[in-house]
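Open your viewer, switch to a cartoon view and keep the sequence panel at hand. We will go from the whole chain to pairs of helices, and then to single residues.

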Amino acid sequence: MRLVSGLILYPLVCFVALPANIITIVVFTRKKLKSSTSIFLLNLAISDIIKICNDIMYFVSILLTVISPDIGKRVLMFIYPYAHYIFNSSMTCAAWLIVAVAIERYLLVCHSTQAKTICTIPRALILSNAIAFASFATSTPYLFKYQHSTVFASNGTLHILEISNLWKNDMFSTAFNIFHYVFRSVVPIILLVVYSLLIIRRLRQCRFKHRKRRTVLCLLMVIISFVICATPDTVLSAVLQTGYREASYLIRGIREITDFLLLLNTGSNFIIYSALNTKFCKTLKEIVTRRGHSRKL
C-alpha cells in the first residue's frame, strides 16, 4: 500500500492539487470576491498547500527508499517527526476553517439580519489567524513525540526512530491523544454535520435566489467532502490512538488509505468552486483571458 499510494497516488494528486490551490488563492485575492467567506476559503487553500507539500516530501522519501533503501530510510527518519507535526497542524487548521465557513453560512442563511454585522472581513481575518495559531500551537507536543537513537548491534551501528520519554508516559500520551483527536476531528465533524443539517433544513423551508442557493450548495459540498474524507481517519485515530511508525503493518496499510483520502480532499475544493461558484468561474476566466491577451501584446 505504501508503494501504491506513495509512488503512484500521492504524486498524481499532489501535482494536480498544488497548482489548483495556488490558482484558488489567486482567484480569492481578487477584489470581486472579497468577503469574509473568501478569507476563510483563502486560508483553507493555504492550509491545504502546506498539507500537499508535506505529502510531496513523503513521496520523495518513498522514491528514495526504492532507489536506495539506506538513503530512503535515513531521509524518512529525519523528516517524519516534523512531517507528523505538520500533518496534524494543517489538518486541525483546515477542519476549524471549514467549521468557521459552516457557522458563517448558517448565520447568513438562517439569521441574515444579524449576520451582516457579525460576518465582516476584519473579524474573518482575526478568526482565521486565531485558528491557525491555535492549530499549530496545540499540535506542538507532536514535535517531541519521536527521537533518534543509536543501537549497537553485532552487524554494526543502527540508527532508529523511537518514541520519546515524554510520550512513553501513558498518562500524558493518553490524555493528549484524546484531547487532540477530539479537538482536531471529532468536534469539528459533529459541528459540520449539525450546521449542514440546519442549513439544508432552512433551504427547504424558504425560497432563495438562484445565485445565493448555488453559493450555499457550493459551500455545503466543501463541508460534505471534508466530512467524508476525514471521518475514516478520525475513527481510526480515535480507536487506535497510535501514530504511523509504531502501528502494525495492517494498520499502516489502512492508514495509507485514510491519509490518501485526506490528500484527495485538498484537491476537491477547486473542482467544487469551479462547478458551483459562478463568481469564482468568471473571475478565473477573466484572469486567464487577461494573461492570454497580455502575452499576445
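Start with the whole protein chain in cartoon view: it has ten helices and two strands (helices are DSSP runs of H or I with at least four residues, strands are runs of E with at least two, and both are numbered from the N terminus). Followed from the N terminus, the order of elements is α-α-α-α-α-β-β-α-α-α-α-α. The radius of gyration is 21 Å, close to the 19 Å that the globule rule gives for 297 residues, so the protein chain is as compact as a globular protein of that length (the radius is taken over C-alpha atoms, and the rule is 2.2 Å times the number of residues to the power 0.38).

Before you zoom in, note that this is a predicted model, in which local features need pLDDT of at least 70, side-chain atom pairs count only at pLDDT 80 or more, and totals for chains, interfaces and linings use all residues. Residues are numbered from 1 along each chain as its sequence is written, and side-chain values use heavy atoms, with hydrogens and water left out.

Now show the C-alpha trace and turn it around: along its principal axes the trace of the protein chain spans about 75 × 55 × 30 Å. Colour by accessibility next, and 46% of the 297 residues in the protein chain come out as buried (buried is under 20% relative accessible area, exposed is over 50%, and partly exposed lies in between, with a 1.4 Å probe and protein chains only). Among contacts between residues at least 6 apart in sequence, 76% join residues at least 24 apart (a contact means heavy atoms within 4.5 Å).

**Stop 1: α2 and α5**

Two packed helices are described by the angle between their axes and the distance between the axes. Select residues 36–67, helix α2, and residues 121–138, helix α5: their axes come within 8 Å and cross at roughly 25° (axes are lines fitted to C-alpha atoms, for helices over the stretch in contact, and angles run from 0 to 180 degrees between N-to-C directions). That makes α2 roughly parallel to α5 (angles under 35 degrees count as roughly parallel, over 145 as roughly antiparallel, 65 to 115 as roughly perpendicular and the rest as oblique).

Show side chains here: Ser36, Ile39, Phe40, Asn43 and Ile50 of α2 meet Ile121, Ala124, Leu125, Leu127, Ser128 and Phe136 of α5. By class, this contact of α2 with α5 has eight nonpolar, three polar and no charged residues (Ala, Val, Leu, Ile, Met, Phe, Trp, Tyr, Cys and Pro count as nonpolar, Asp, Glu, Lys and Arg as charged, and the others, Gly among them, as polar).

**Stop 2: α2 and α9**

Keep α2 and add residues 249–276, helix α9; the axes of α2 and α9 come within 11 Å and cross at roughly 140°. The two helices α2 and α9 are therefore oblique to each other. On the α2 side, look for Leu41, Leu44, Asp48, Lys51, Ile52, Asp55 and Tyr58, which meet Glu256, Asp259, Leu262, Leu263, Thr266, Asn269 and Tyr273 in α9. The contact of α2 with α9 divides into seven nonpolar, two polar and five charged residues.

Which residues does Leu263 touch, leaving aside its neighbours within four places in sequence? Its contacts are Tyr10, Val13, Cys14, Lys51, Ile52 and Asp55. Leu263 counts as buried, at 0% relative accessibility. Draw a distance from Leu263 to Leu9: their C-alpha atoms are 9.7 Å apart, with their positions 254 residues apart along the chain.

**Stop 3: α3 and α7**

Select residues 69–110 for helix α3 and show α7 with it; they pack at about 25°, with their axes 9 Å apart. Helices α3 and α7 are therefore roughly parallel to each other. Their contact holds 19 nonpolar, three polar and three charged residues.

Within α7, residues 170–205, pick Ser185. At 7% relative accessibility, Ser185 counts as buried. Beyond residues up to four places away in sequence, Ser185 touches His180 and Thr234.

**Stop 4: His148**

Finish in strand β1, residues 146–153, where you will find His148. Is His148 buried or partly exposed? At 47% relative accessibility, His148 counts as partly exposed. Leaving aside neighbours within four places in sequence, His148 is in contact with Met77, Phe78, Pro81, Ile160 and Leu161. The C-alpha atoms of His148 and Leu161 are separated by 4.8 Å, and the two residues are 13 apart along the chain.
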